[in-house]
Amino acid sequence: MKWFEYQMEVDQLHAPDELKARLLAMQPDTPKSHEHTKSPAPAQKGRAVRFPRWRRWAAGIAACAAVAVVGSQVMTAIGPAGAGISTMSRMAGGAASSTAMAKAPAAAQYSMDAAENGLAAGAARSAGGTETAVAGDKIIYTAYLTLETKDYDAARAALEQALADAGGWMQDSSESSYDDSRRSLSMTLRVPAENYDSFLAAAGQAASLVNRSEQADDVTAQYADVAGRVANLEGQRDRLRELQASASTLSDLLDIEAQLSDVQYQLESWQSQLDWYDDQIASCTVTVNLQEVETYTPTGETFLERLGAAFAQGWQNFVAGLASVAVVLAGLWPVVVIVAAAAAAVVLFLRRRRR
């Protein structure tokens, strides 16, 4: 028996009964006259071997059945589509790639892991998700107040008391005084977010409120992005420290230390920005401008109220103008005295000449 005949018989033994029946039915009837004929001479060396047609059909059908059975078993063992693709990719890589990865230095393996993490993070951000969950909205509140008062000292004391009751502090202040009747104060105050509204109400009652403006900036998305970067860099730093402890060669150790220094620098930069967000969110910024006046800025809406305020303002401006002129002349009294003396001398000289 030749090797191909043996292979065909083995395939037929493993084939199902239904397939065997179909194969027998496909066999052509052999004439009786050929029963006692001599078997054909064996093929000469170097000549292609030709299988009978029915055996080629049987071999093709058996091969298809075997591929289908093996393929179904492989797909069942692989599981989900994503895991199947990954498994087939690793199988295609072969033992050579596994050996190369095992022999690769630790720094090279870390670089590949970091690249995969970066790609995963970029995909998550492009999909609209955030890597780090943020509790609640992150909003920065800012307010501006303009106040007028006739009792400057009392209004300032009231503002300081309202700030102390709210648990805030003064970030900076600037005070100016033009004369005894005109003083002004500009303060930048920091107030805890939970006492923000109560402080604005108390500050508005400390003096006459001329203007109040507020601004709320929602920085939830920016905060989540920065927090995710910080968490990712912390993970890279911890991984590098583990690799640093297990480094076996000097070149690997130097490479890991260089990458660790770079990651630490980026981590400190992003952490400082995250701390700034936390500070601005926890404490609101309120800018207060307090001005001492003799007459309050009119806030009425009717014609008579505006007309009366205009007359009062005009008289106040006239008095202030006269006062300013008197102050200027008082400051120039030496010049005034000299000019007056010169004018008197000229007048006396002209009178004597006429005589």
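This is a guided tour of a predicted model, going from the whole chain to single helices and then to single residues.

**The whole chain**

Begin with the complete protein chain in cartoon view, where the secondary structure comes to 11 helices and 5 strands. If you colour the 355 residues by accessibility, 21% of them count as buried. Contacts between residues at least 6 apart in sequence are worth displaying too, since 78% of these join residues at least 24 apart.

**The annotated spans**

Next select residues 57-78 and 322-350, which UniProt, in an unreviewed entry, lists under "transmembrane region". Keep residues 322-350 on screen: this span is 97% helix and 0% strand, and the C-alpha atoms at its ends lie 34 Å apart.

**Helices α6 and α7**

Now select helix α6, residues 152-165, together with helix α7, residues 196-206; the two pack at an angle of about 170°, and their axes are 9 Å apart. Because angles over 145 degrees count as roughly antiparallel, α6 is described as roughly antiparallel to α7. Show the side chains where they meet: α6 contributes Ala155, Ala158, Leu159, Ala162 and Leu163, while α7 contributes Phe199, Ala202, Ala203 and Ala206. Sorted by character, the residues of this contact are 9 nonpolar, with no polar and no charged ones.

Stay with α7 and highlight its buried residues, namely Tyr196, Phe199, Leu200, Ala203 and Ala206. Turn the view to look down the axis of α7, and these buried residues fall within an arc of 115°, so they line one face of the helix. On the face turned away from that buried side, you will find the exposed residues Asp197 and Gln205. To see what covers the buried residues of α7, add the elements around them, which include β1 (139-149), α6, β3, β4 (208-218) and β5 (283-292).

**Aspartate 151**

From here, move to aspartate 151, in the loop between β1 and α6. With a relative accessibility of 45%, aspartate 151 counts as partly exposed. A C-alpha to C-alpha distance drawn from aspartate 151 to alanine 207 comes to 8.6 Å, although 56 residues separate the two in sequence.

**Arginine 182**

Select arginine 182 next, which lies in strand β3, residues 182-192. Is arginine 182 buried or partly exposed? Its relative accessibility is 47%, so arginine 182 counts as partly exposed. Setting aside residues up to four places away in sequence, arginine 182 touches Ser176, Ser177 and Glu292. Glutamate 292 is 110 residues from arginine 182 in sequence, yet their C-alpha atoms are 5.3 Å apart in space.

**Alanine 282**

Strand β3 also leads to the next stop, because the residues that alanine 282 contacts, leaving aside its neighbours within four places in sequence, are Val191, Pro192 and Ala193. Alanine 282 itself is found in helix α9, residues 250-282, and is partly exposed, with a relative accessible area of 43%. Between alanine 282 and valine 191 there are 8.5 Å from C-alpha to C-alpha, against a sequence separation of 91 residues.

**Alanine 224**

Finish at alanine 224, placed in helix α8, residues 220-245. Alanine 224 has a relative accessible area of 5% and is therefore buried. If you add lysine 138 to the view, its C-alpha atom and that of alanine 224 are separated by 9.2 Å, with the two residues 86 apart along the chain.

Methods:
Residues numbered from 1 in each chain as written. Predicted model: local features only at pLDDT ≥ 70, side-chain atom pairs only at ≥ 80, totals over all residues. Heavy atoms only, no water. Axes fitted to C-alpha atoms, helices over the stretch in contact; angles between N-to-C directions. Helix = DSSP H or I, 4+ residues; strand = E, 2+ residues; numbered from the N terminus. Parallel < 35°, antiparallel > 145°, perpendicular 65-115°, else oblique. Contact = heavy atoms within 4.5 Å. Nonpolar A, V, L, I, M, F, W, Y, C, P; charged D, E, K, R; others polar. Buried < 20%, exposed > 50% of the residue type's maximum accessible area, 1.4 Å probe, protein only. UniProt positions renumbered as here; feature names shortened; annotations may be inferred. Arc of directions from axis to C-beta.
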